[in-house]
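Hi everyone, thanks for coming. Please have a look at the sequence and the model on the screen, and then I'll walk you through it.

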Amino acid sequence: MTANPVSVNSNACLISPEIGKSAIAPAHPPLKLGILASGSGSNFEVIAQAIQNQELNAKIPVLIYNNPEAKAAARAEKYGIPSILLNHRDCKSREELDTKIVKTFQEYDVEWVVMAGWMRIVTKVLLDAFPDRVINIHPSLLPSFPGIRAVEQALAAKVKITGCTVHIARLEVDSGPILMQAAVPVLPDDTAETLHARIQVQEHKIMLGAIALIAESNRKYCD
């Protein structure tokens, strides 16, 4: 019996646009990235590690996290990056939280905002302060399966391919211009955990790729 070609390589994927060496080329000056994280901070660490390895011409002046239990803060400490807790539970509205975020990022001279696993809906306050300079990563091929539990949505729909997307944030949740996507096959025996784990591998790749593309565009603009 012939093997299912998808099951031969469970990590098979397609990234668009393709990440080439030119996309990782140094830019000057480095992008100043303000990172927002709510959980483990794995995407944050991928960015920080790439910067440390001189694979990405950027710097992270500050990390903001909203969950006191978030492991992202410990990861920031490991890289010597300041981390600030802005607990959304201490705010009366989403706008109040975003006002505090904007003030903090402006104090650290942040240029671009990266929502790296940020589990809060952003408001006009943040988006107006950084117009077209707030990016988000989502575990689906947008516009399919926006919102929460995107991996579970994909499994329930019985799709054969899902993936992840990096996009410019807009007021409508998980909308906005797409910067980069990676397609990931859904295997017959996938659970939400196994599928999400393989999607996360590609999330790390396209997050770096999207930031590199932004850095390259910034270099051309500065030139």
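Let's start with Asp128, which is found in helix α5, residues 124–129. Helices here are DSSP runs of H or I with at least four residues, strands are E runs of at least two, and both are numbered from the N terminus. Is Asp128 buried or exposed? Neither, because its relative accessible area is 47%, so Asp128 is partly exposed; buried means under 20%, exposed over 50%, and partly exposed in between, with a 1.4 Å probe and protein chains only. Asp128 and Val102 are 26 residues apart in sequence, and their C-alpha atoms are 9.7 Å apart in space.

A quick note on the basis: this is a predicted model, where local features need pLDDT of at least 70, side-chain atom pairs count only at pLDDT 80 or more, and totals for chains, interfaces and linings use all residues. Residues are numbered from 1 along each chain as its sequence is written, and side-chain values use heavy atoms, leaving out hydrogens and water.

Now the whole protein. It has seven helices and eight strands, and 47% of its 223 residues count as buried.

And the inside? The largest nonpolar core (buried Ala, Val, Leu, Ile, Met, Phe, Trp, Tyr and Cys residues joined through side-chain atoms within 4.5 Å) has 42 residues. Helix α7, residues 192–222, gives the most to this core, with 11 residues. Another core lies apart from it, with 19 residues, including Met115 and Leu126. Thanks for listening!
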